[in-house]
Amino acid sequence: MKRTAYLADLTSAHLDQTVTVQGWVARRRDLGKLIFIDLRDRSGTLQIQIEPESPAFAEADRMRGESVAEFTGMLRLRPENQRKAGSGAYELIADRATLLSLAVTPPFELSKGREVAEDIRLKYRYLDLRRPEMFEKLKMRSQVSAAITAFLTAEGFLNVETPLLTRSTPEGARDFLVPSRQTPGEFYALPQSPQLFKQLLMIAGVDRYFQLARCFRDEDLRADRQPDFTQLDIEMSFVEQDDILDVSERLLRHLFKTVLNEELPDPFPRLTYQQAMNTYGSDKPDLRFGLPLVEVTELFRGGAFTAFASAPSVKVLATSELTRKQIDELERVAKQNGAGGLAWLRREGEGFSGGISKFVGDMATELITRTGVKEGGTLLLAAGEWKKAVTALGAVRNALRDLLSLATEGFQVAWITDFPQLNYDEDSGTWTYMHHPFTAPHPNDLALFGTERQHEIRAQAYDLVLNGFEIGGGSVRIHDPAVQQQMFGAIGFTPEAASEQFGFFLDALSFGTPPHGGIAWGFDRLMMVMSGAASIREVIAFPKNNRGSDLMAQAPSAASGAQLAELGLQVEVGSE
RNA sequence: GGUCUGGUAGUGUAGCGGUUAGCAUAUCUGCCUGUCACGCAGAAGGUCGCGGGUUCAAAUCCCGUCCGGACCGCCA
C-alpha cells in the first residue's frame, strides 16, 4: 500500500484518519505487552504504538533495529504531557504492521553517529547516510547545487558538459590515466579541471559558461582534498577581473542567504597576496580572528641575538600566557612549516623573561608597544627569508586558533588578489607559473618579463577564501598571442615545446579569441564550510579515505589478466 | 618520502609489567500496558591489529610491520 506521507509531513489534517507510513525501525521500546517503535524516514521520525490486542502485534514483535517496516493505523494526538515538536505531537496506533525487510544487527549504533570510528562509518556508508545529520548534508548540497544552476541560468550562463576521457596536459597535478583498448599503449587522462575546454567554449562564442564538473588529481589526500572532486566551473567573455568577482560575490551571497539565511558582506573584503602573506602568513587567511603578524626585523638587525641579527625578515605574534609544553608544540608546527625554530618571550612587567629574553634587554619597550602583549603574555618569533618566516608563523597562528579557540562563529569571506605571475622553484632552479600558464599578467607589469624583477609581476589571478579555506580561484586569461609567447618564454617553454603540449589549444587561440576569464570553486570544500563539517568526506556521499581507497567498494582493486591483456598492459608490482 | 597520533568484545572506552582484561551500549533470554537513551534480572560475546624481542611474567616495555587519522612535501 502506498504511504500517505513522509513522517514529518503528517499534520493535523491527518489526525484521526487512517494513514500508512513506511520507514526504518530507529528504536524499539518493548514494555512487555505494549510496543513502541520509532519509525524513521528521510524526513524525520514518528512513534508507532502497537497494542497487545492489535493484529499488528505479532509482526511488530519480530521487528529489529534498522528493519524496514510499514504500518497502517489511526494517527492520534499524543497525550498532552507527552507531545513534542513536529511529528512528535502525533503517534500512529497501528492495526496493521508489515515487516518489509528484517535487518541483521548493524555494525555500529546509528544513534552514536559521530563517536564511531570513521573507517567503520565509511565501510558501511549506506548505514551512516541513514543518520539525519548525514542526510541533511546531502540535502543541503543538493539545494546549493540547484540554487547555483538557477542563479547562473538566470544570469545567462550556459551549462555545458566537457569530456571526462581526455588528453593529458602538463598541468600542475599528476593525472589519472585510462588505458585505451582501441589504441594499445595510449592513454586518456581524466581532467584535472575543464580549464582548456572552458576557454575553448569562450573561443567558440558561448560567452557565459558554467558546469558542476567532476575533476581528478592524483595527489596525496588531506581533510579537505579528494582525488575525485566537484568544481563549480565558470568562464565569461568580454569581461575584466571585477566582472568575474562581481558575479561570484552575488552568487555566494545568494547561496548563503537562501540556504543558510546568512548575510555575507557587500562587497567582499579584498586583500592582496602581499598583504595576506605579510599580515597573516597565509594566502588563505582565516579572518575569523585577528592575531596579525607584527614586523620587527630592524629591531633585531645587528643585535646580540645572532640568529635574528642578519635575518631578512623577523615577525612576531603576541598571544596570551602559554605553557612550555604548548610552546614546544607550536615550535614543532613552526619547524614543520619551514622555520628553523620558534623563539619566545614572556612579558614580565616592562621586560621579558624566558626564551630569548637575555637578548632583548633594550628593545623590550619597543616590542611591548608594537605587539601590545599583555602582562604574562607570550611573544612568538620566527625569522628567515620573508616568505618562509611568514608562512611558518602563519601556521603557528592557525595552531593558536585551534589551541585557544580563537575563531568566532559564522563566516568570514575575502578575496585574495594580485598573486605573483611567476614562482621560482628552488629545487629545479626554474621559473614556473603560479596559477596556470594562460593567466594574464597585470598590464602595468608586462615590462618586467625577462628582467630580474620578474618575480614581482602580478597576475590577474584571485582566490576566494572562506574561514581559512581556499574555496575558489581563477584568473583573467591571456588572449594576446604576444603576451602568451612572453609567458611561455618566462617559464622556459620554447614555441616548439608549447606547440607540442598545447598545440590544439594554441591553434584555437589564433582564430579569434575574446578577452575572457573565469573562476572555479571547490564545491565540496564550500559545502564543507557551509555545513560546518570537519572534513570534505562528510559532504560527499561515497568518499575515499586518506589513502585514496573506498573502504566500502574496496577500490582500487586489481585488474584481471584478461582485462590487462585486452589493454596491452603488463603490471609490475613494486619489487625492491 | 617525512613528522605527529591512535589500534583492547559489534560499537565506544578503562586498564599501561602479575586483574578471572573492567565499564557503557548494542545483541540474546525472561519480566514489565504510556515508553520516548523505557526499566529490571540474567546470558553470551575478547588470538588486547600482526610478527619478533626483553622478562620468571607483556594488552602493558622495545623493534619491525599492517591499518586508521592530522599535518609537511605534493595539490596550476
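1. Pro267 sits in the loop that runs between helix H6 (241-260) and strand S11 (270-272), and the peptide bond leading into Pro267 from Asp266 is cis, its omega being near 0 degrees. Helices here are DSSP runs of H or I with at least four residues and strands are runs of E with at least two, both numbered from the N terminus.

2. The model is predicted, with local features requiring pLDDT of at least 70 and side-chain atom pairs counted only at pLDDT 80 or more, while totals for chains, interfaces and linings use all residues. Residues are numbered from 1 along each chain as its sequence is written, chains are lettered from A and ligands numbered from 1 in the order in which they are written, and side-chain values use heavy atoms, with hydrogens and water left out.

3. Two further backbone features deserve inspection. The peptide bond from Ala555 to Pro556 is cis, with omega near 0 degrees, and Pro556 lies in the loop between helix H15 (523-531) and helix H16 (561-567). Glu66, in the loop between helix H1 (57-62) and strand S4 (68-77), has a positive phi near 70 degrees although Glu66 is not a glycine. Most residues other than glycine have a negative phi, and most peptide bonds are trans.

4. Helix H7 (residues 273-280) packs against helix H12 (residues 386-404) at an angle of about 60 degrees, the axes being 7 Å apart. That angle makes H7 oblique to H12, since angles under 35 degrees count as roughly parallel, over 145 as roughly antiparallel, 65 to 115 as roughly perpendicular and the rest as oblique. In the contact (heavy atoms within 4.5 Å), H7 contributes Tyr273, Gln274, Met277, Asn278 and Tyr280, and H12 contributes residues including Trp386, Val390 and Arg397.

5. RNA strand B is surrounded by 52 residues, the closest being Arg27, Asp30, Glu109, Ser193 and His435, where a residue is near the strand if one of its heavy atoms lies within 4 Å of it. Strand S1 (18-30), strand S3 (44-50), helix H2 (118-123) and helix H10 (324-336) each supply at least two residues of that surface. Of the atoms of RNA strand B within 4 Å of the protein, 57% belong to sugar or phosphate and the rest to bases.

6. Which part of RNA strand B does Arg547 approach with a polar side-chain atom? The partner is a phosphate oxygen, at 2.9 Å. The side chain of Glu53 has an N or O atom 3.0 Å from a base oxygen of the strand, and that of Arg217 has one 2.7 Å from a base nitrogen.

Methods. Axes are lines fitted to C-alpha atoms, for helices over the stretch in contact, and angles run from 0 to 180 degrees between N-to-C directions. A polar contact is a pair of N or O atoms within 3.5 Å; within protein, one must be able to donate a hydrogen and the other to accept it, and residues adjacent in sequence count only if both atoms are side-chain atoms.
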